[in-house]
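These are my notebook entries on one protein chain. I record what I looked up, entry by entry.

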Amino acid sequence: VVVNISELVTAIRKHRDTDERSCGCEVIFTYLEALTKDCRDVSLDYKLSGPKLAQLPSPSKPAEFLSNLKPSTSHGKGDILIPKTSCSVFNSTNIAYIL
């Protein structure tokens with residue numbers, strides 16, 4: 001699955017960065033990361049799920065990505081990165097605005 005997703009992301013980036021008619025193709029990464037160092041902004045459902053989810057990556061210890069599925073921010077137009085602090089990307093991010 002990861003290989004297929006990596007190939008898809010690569011194809012979308014190539015289309016987005018080289019074709020002026022890319023029609024809004026974007027690569028968007030949502031990932032778990034607290035907005036504060038002490039994770040006080042993490043949602044209650046994560047806090048109740050145990051210490052691993054209650055202590056998400058934070059600005060002082062950023063989230064890590066798989067080596068073949070890393071966001072691209074320095075090549076082409078760059079990917080969109082959206083940190084989230086709850087289970088639903090729609091509850092704790094501005095993704096609705098971005099879409």
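Entry 1, Tyr 31. I began with the burial of Tyr 31 in this predicted model. Its relative accessible area is 14%. The cut-off for a buried residue is under 20%, so Tyr 31 counts as buried.

Entry 2, the aromatic pairs. I asked how many aromatic pairs the structure holds. I found two. In one of them, Phe 29 and Phe 65 meet edge-to-face, with 5.7 Å from centre to centre and 80° between the planes. I then placed both partners: Phe 29 belongs to strand β1, residues 28-32, and Phe 65 to the loop between α3 (51-54) and β2 (80-84). The pair therefore ties together parts that are 36 residues apart in sequence.

I also looked up how far each of these two rings is covered. Phe 29 is buried, at a relative accessible area of 12%. Phe 65 is partly exposed, and its value is 26%.

Tyr 31 and Phe 65 form an aromatic pair as well, again described as edge-to-face, with the centres 5.3 Å apart and the planes at 70°. I noted that this pair links distant parts of the chain, for Tyr 31 sits in strand β1 and Phe 65 in the loop between α3 and β2, 34 residues apart. Taken together, the ring pairs join Phe 29, Tyr 31 and Phe 65 into a cluster.

Entry 3, Thr 93. I turned next to the loop between β2 and α4 (95-98), where Thr 93 lies. Is Thr 93 buried or exposed? I read a relative accessibility of 19%, and Thr 93 counts as buried, since the cut-off is under 20%.

I then followed its side chain. It reaches the backbone oxygen of Val 89 at 2.4 Å. A polar atom of the Thr 93 side chain also lies 3.2 Å from the backbone nitrogen of Ile 95. Which residues does Thr 93 contact when its neighbours within four places in sequence are left aside? I listed Ile 82, Pro 83 and Lys 84.

Entry 4, Ser 60. I chose Ser 60 next, which is placed in the loop between α3 and β2. Its relative accessibility is 53%, and Ser 60 counts as exposed. I also looked up its separation from Ile 28, which is 32 residues away along the chain. The C-alpha atoms of Ser 60 and Ile 28 are 22 Å apart.

Entry 5, the chain as a whole. I counted four helices and two strands. Read from the N terminus, their order is α-β-α-α-β-α. The C-alpha atoms fill a box of roughly 45 × 30 × 25 Å along the principal axes.

I noted that the chain has 99 residues, of which 33% count as buried. Among contacts with a separation of 6 or more, 54% come from residues 24 or more positions apart.

Entry 6, surface and charge. The chain exposes about 6,900 Å², and I recorded that carbon and sulfur atoms supply 57% of this area. I found 12 positive and 11 negative side chains. The centres of these two sets lie 4 Å apart.

Definitions and conventions: Residues are numbered from 1 along each chain as its sequence is written. Side-chain values use heavy atoms; hydrogens and water are left out. Buried means under 20% relative accessible area, exposed over 50%, partly exposed in between (1.4 Å probe, protein chains only). Contact means heavy atoms within 4.5 Å. Accessible areas come from the Shrake-Rupley method with a 1.4 Å probe; for residues, only the protein chains shown count as cover. Lys and Arg count as positive and Asp and Glu as negative; His and the chain ends are not counted. The place of a charge is taken as NZ of Lys, CZ of Arg, CG of Asp or CD of Glu. Rings of Phe, Tyr and Trp (its six-membered ring) pair if their centres lie within 6.5 Å; planes under 30 degrees apart count as stacked, over 60 as edge-to-face and the rest as tilted. A polar contact is a pair of N or O atoms within 3.5 Å; within protein, one must be able to donate a hydrogen and the other to accept it, and residues adjacent in sequence count only if both atoms are side-chain atoms.
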